[in-house]
Amino acid sequence: MTGHRRTRRTVLALAALTSVVLAGCAGVDPEPTDSGPTASATPLTAEDPNAPVELVWWTGQESDAQKILDAKVADFTKQHPNVTIRSSSGAATTDDLLQKLSAGFAAGTYPDISYAFGSWASELGASGKTLDISAEVADPAVKWEEISEAARETASPGGRTIGIPALVDNLALFYNKTLFDAAGVPYPTDTMTWDEFRATAKKLSDPSRNVFGTSFDVTGGEGTTWAMWPQLWQNGGQVLAPDEKTVAFNSEAGVEAVQFWRDMAVEDKSVYLDQTAEKAIGLFASNNIAMLVTGPWALFDVGGAKTDYDVTLLPGTGDDHQTVSGPDLWVLFDHQDRNRAYWSYQFVKYLTDPAQDLTWNVEFGNLPLRSSEIESPEFQAKAKVTPGYELLAKNLDNAKNKRPTVEGYVEVSAAYGKAVSRLLQGQGEVGPALDDAAEAADRALADR
Amino acid sequence: MTTSAPAPTRPLGARVRRRAVGASRRAATGWLFVGPSTLVILGLSLFPAGWAFYLAQLKWNGFSPARGVGFRNYERMVDDPDLASAALHTLFFTLLYVPTSVFLGLGIALALNRRIRFIGLYRTAIFVPFVASAAATGILANYLFDPQFGFVNNALRRVGLPAQRFLEDPNQAMTVIALMSLWASLGFTVVVYLAALQDIPRDLVEAAVVDGANRWQVFRHVVLPQLTPVTVFTTIWQLIGSLQLFDLVYTTTRGGPVESTKTIVYYLWEQAFKQLNFGYGSAVAYVLFAATMVITLGMIVYSRFAKVQAF
């Protein structure tokens, strides 16, 4: 009986173990298929473009978005009746896709196309199981150059283009007008400095009514990490040293950025520390957080809750308001089948084409893939009903530095995120804590 | 002698053969019954266990080709402060959870082991949380113990006590998780103890009463000794469960705040699937397995030695 509970736990552990193990089988096999940069420029041509082909697509999307994508599949397969595309979300959450891919590689049943977070790009690229579409995207018809540079670079770890960007996010400052009006405080503007941000947050905090000036993700995951990068860059710092073999986030500029948030959290107590990364947007929507550094994915929730809000640029150091951008990708996988490779690319090219992007990303409320789409009537219509949508789209130009794409970034991010989350919760000193994190991150980079 | 007496060998041989056929048929039937579950056990536990052992000797991120590192993953554990603190958190949880669940389980079982009105309802009520999934328990914990909007803080406020931060306070989070685990699993110890209590022969108790024992003496000298095997069993069972705590942490705190609820299994999961250190994660899993094995064997040997028939 207790069986139930225990079994569930055991099953969880076993499932974990099994996938580790299954994954092990393949990972250990020497992979002769790994095509280095030399083999990269060969264009993908089908043996027989009219032969029936079945593709598997893991979209990483929830039901609302999945519906739009299913319509795209229907449209594409109508034009190309020999192609069948089996589309599904692939995993329970987008985060879980990485595990699924790893297990899928081991079992030899990985998809042809999968959604992937940009931070996974180098790991996926190193798997030797991705296609290289460098030659294809050079075709002017793809309008590759119109996609933001950070996104293009993320899609090309080690010089091999493993997919096409699916969407691009960035961080901006959302503010809750209801709370500002109630306190009689003027709204933040695009010239606000971090010091002004701190003073405003302090003014708006009211613990007795459960109102916080702002919030920070303290899960220690990538959500914690990348929210700190813009300020590090604004202060003149860098994540990695120029040779990308060691980290540089513990520089003076880096310490200053973390110290700023630590003082806000520990001394001002104006920061809601989000332990699960799932609460802050809801609290912002329900008028409990006044200012939130977040991205386009929050638009759906705050729109649904009918929150009175608007969006402006991130606060700046001086007049530097640069942000960080996070591209996600449609990664293409190699099955040693030229027809499948050809049609996988054709489909992703179709999906990310400007005309299709308007009825997918823009319709759903993601940012458009190319800046040229901003002029379109579809975009303007969306912007009219969605405060902040246009600003977020244009804010992509403020992503001046790119998030590192070195292999091992996952561990760099984990070491840094852990340190930041401890510091914001009042444990340790900023300088030494970042030095420790740097040491761990350097070890991880050296190990790769 | 065997050569000079061929006559009796024939019928004997036939009988032996017939018996052998019967036995092998019985064996085949037996295997047919246990076969499927044996396969499941082999496939889902022994095979993965073997692979994990192999994996623990690799450095592998799940994507690139793996590299053999011998026993370096095990050596790395020796000076891994994060693992040490995860072990401490697990130990803390075990100390909170195991004794309480055993004592409380016994107490409630004693209270429910009598003929009173609505006894069926009470027994069901105690058992229901045990059937709920860990995910449901986790969601419930989040609702009850939310620092701003939770039910418990509202109740505290009503009676004029200061609000607590519960799952967001590094000093309270593990206690809250232990509390929720207890709530969810108490049904098990209660049911086991109830069954054991009803197994105690009535005449033993009656004999003690006739001999002039009071209620406490009956409990202390008759009931309790009868329950010892069950106590050893539940203790081991709860201990194994608490060393493997993962699901409730995952659904509530994700190891936070400030890693105060990061248990060993959560840590190894995070190593393998978040940081893509599959080799190291497997090595930690193996050491946990070995530790659990040693503790369990130790308790079994002790109970054999002490003549307690728990297994």
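Which residue of strand 9 of chain A does A:Asn176 stand opposite? In this predicted model, A:Asn176 faces A:Tyr309 of strand 9 of chain A; the sections below place this pair in its sheet and then turn to the domains, to a helix of chain A and to chain B.

**Conventions and confidence**

Residues are numbered from 1 along each chain as its sequence is written, while chains are lettered from A and ligands numbered from 1 in the order in which they are written. Because this is a predicted model, local features need pLDDT of at least 70 and side-chain atom pairs count only at pLDDT 80 or more, whereas totals for chains, interfaces and linings use all residues.

The model scores ipTM 0.73 and pTM 0.79. For chain B the mean pLDDT (the predictor's confidence in each residue, from 0 to 100) is 88, with 92% of its residues at 70 or more. Within chain B, confidence is lowest in helix 1 (residues 9–55), at a mean of 82, and highest in helix 3 (residues 81–112), at 95; helices (H or I, at least four residues) and strands (E, at least two) are DSSP runs, numbered from the N terminus. Over residues 1–8 of chain B pLDDT stays under 50, and the model has zero contacts beyond four places in sequence for them, a contact being two residues whose C-beta atoms, placed from the backbone, lie within 7 Å.

**Sheets of chain A**

Strands 8, 5 and 9 of chain A form an open sheet of three strands in the order 8-5-9, with antiparallel pairing, where two strands pair if DSSP finds at least two bridges between them. Its edge strands, strand 8 (291–294) and strand 9 (309–312) of chain A, each pair on one side only, and the twist averages 25° from one strand to the next, with axes taken as lines fitted to C-alpha atoms and angles running from 0 to 180 degrees between N-to-C directions. The pair named at the start belongs to strand 9 of chain A and its partner, strand 5 (residues 172–176) of chain A, which are joined over four bridges.

Another open sheet of chain A has five strands in the order 2-1-3-10-4 and mixed pairing. Strand 2 (83–88) and strand 4 (163–170) of chain A are its edge strands, and neighbouring strands are turned by 20° against each other on average, direction ignored. Here strand 4 of chain A runs antiparallel to strand 10 (residues 325–332) of chain A, and A:Asn170 stands opposite A:Ser325 in strand 10 of chain A.

Strand 6 (residues 214–217) of chain A pairs in the parallel sense with strand 7 (residues 271–274) of chain A, and A:Phe216 has A:Leu273 as its bridge partner in strand 7 of chain A. Both faces of strand 6 of chain A are covered, since A:Thr214 and A:Phe216 on one side and A:Ser215 and A:Asp217 on the other are all buried; a residue is buried if 20 or more other C-beta atoms lie within 10 Å of its own, exposed if 12 or fewer, and partly exposed in between, with C-beta atoms placed from the backbone.

The strand pairs with a stated bridge count are listed here.

| Strand pair | Sense | Bridges |
|---|---|---|
| strand 4 and strand 10 of chain A | antiparallel | seven bridges |
| strand 5 and strand 9 of chain A | antiparallel | four bridges |
| strand 6 and strand 7 of chain A | parallel | four bridges |

**Domains and a buried helix of chain A**

Chain A is divided into domain 1 (36–168 + 327–392) and domain 2 (172–322 + 408–447), with bounds that come from an automatic or database domain assignment. The centres of these two domains of chain A, taken over C-alpha atoms, are separated by 30 Å. Their contact takes twelve residues from domain 1 of chain A and 14 residues from domain 2 of chain A, and the largest share of the domain 1 side, three residues, comes from helix 16 of chain A.

Helix 3 (residues 97–107) of chain A is largely enclosed by the rest of the structure, because eight of its eleven residues are buried; among them are A:Leu97, A:Leu101 and A:Phe105. Just after helix 3 of chain A, A:Gly108 takes a positive phi of about 75°.

**Chain B**

Chain B is divided into domain 1 (1–43) and domain 2 (72–305), whose centres over C-alpha atoms are separated by 48 Å. Helix 12 (residues 278–305) of chain B has 28 residues and reaches 40 Å from its first C-alpha to its last, close to the 40 Å expected, the expected span being 1.5 Å times one less than the number of residues. Buried residues of helix 12 of chain B include B:Phe278, B:Tyr286 and B:Ser303.

B:Arg114, in the loop between helix 3 and helix 4 (119–131) of chain B, is exposed because it has 8 other C-beta atoms within 10 Å. The C-alpha atoms of B:Arg114 and B:Asp79, 35 residues apart along the chain, are separated by 54 Å.
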